[in-house]
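Biologist: Got a minute to go through this model with me? I'd like to talk pockets first, then a few odd residues.

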Amino acid sequence: MQKRVADVAGKLGIGDILGKFPCQVSGGQKQRAACARAIVAGQSLLLADEPTGALDSGASKNLLEIMSEMNRSMGATILMVTHDAYSASYSGRVLFLKDGRIFNELYKGERTRAVFYHEILDVLAAMGGDVSDVL
């Protein structure tokens, strides 16, 4: 277990904080530690509410790639709630909510992440593209 913790912490860039208390680390480090706990435990369902909200762009990309790999290699189901089209583009399926109802749904299929990202932006534009719209 210790080796697995060290490996996951290293991939998420938090290996140096393993011996620290939550009050001693940043919000982004806490967020990555929470993700690390779920990854280490090998959960088959990961619930992620704005998982990249407190992370810089590099840490966000790293975490999203790790979550995508969990989905592919471990068969983990990841339910992510986000307002960020970039984060959503790492998903295989995106549901768009507007006024409490499903407005639209996209499946990535064989498209690249970049193409899928632009399709997500197109749906957001059709919805009004307001920052209060939920992906």
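Modeller: Sure, starting with the second largest pocket: its lining residues divide into twelve nonpolar, no polar and three charged. Here Ala, Val, Leu, Ile, Met, Phe, Trp, Tyr, Cys and Pro count as nonpolar, Asp, Glu, Lys and Arg as charged, and the others, Gly among them, as polar. Bear in mind this is a predicted model: local features need pLDDT of at least 70, side-chain atom pairs count only at pLDDT 80 or more, and totals for chains, interfaces and linings use all residues. Residues are numbered from 1 along each chain as its sequence is written, and side-chain values use heavy atoms, with hydrogens and water left out.

Biologist: How much space lies in the second largest pocket?

Modeller: About 330 Å³. A pocket is an open set of points on a 1 Å grid over the protein atoms alone, where a 1.4 Å probe fits, with protein on both sides within 12 Å along at least five of seven lines; lining residues have an atom within 4 Å of a point. Points are joined across faces, edges and corners, and the volume is the space filled by probe spheres set on them.

Biologist: Which element gives the most to that lining?

Modeller: α2, with five residues. Both α1 (2-11) and α2 (27-40) supply at least two. Helices (H or I, at least four residues) and strands (E, at least two) are DSSP runs, numbered from the N terminus.

Biologist: And what volume does the largest pocket have?

Modeller: About 680 Å³. It has 24 lining residues, and the closest to its centre are Ile78, Met80, Ser91, Gly92 and Arg93. By class, that lining has 13 nonpolar, seven polar and four charged residues.

Biologist: New topic. What's up with phi at Glu50?

Modeller: Glu50 has a positive phi of about 50 degrees, although it is not a glycine. Glu50 sits in the loop between β1 (45-49) and α3.

Biologist: Is Asp99 buried or exposed?

Modeller: Exposed, at 74% relative accessibility; the cut-offs are under 20% for buried, over 50% for exposed and partly exposed in between (1.4 Å probe, protein chains only). Asp99 also has a positive phi, near 55 degrees, and is found in the loop between β3 and β4 (101-107). Glu50 is partly exposed, at 24%.

Biologist: Last one: what is Leu55 in contact with?

Modeller: Leaving aside neighbours within four places in sequence, Leu55 contacts Gly28, Gln31, Arg32, Ser60 and Leu63 (heavy atoms within 4.5 Å). Leu55 is buried, with a relative accessible area of 12%.
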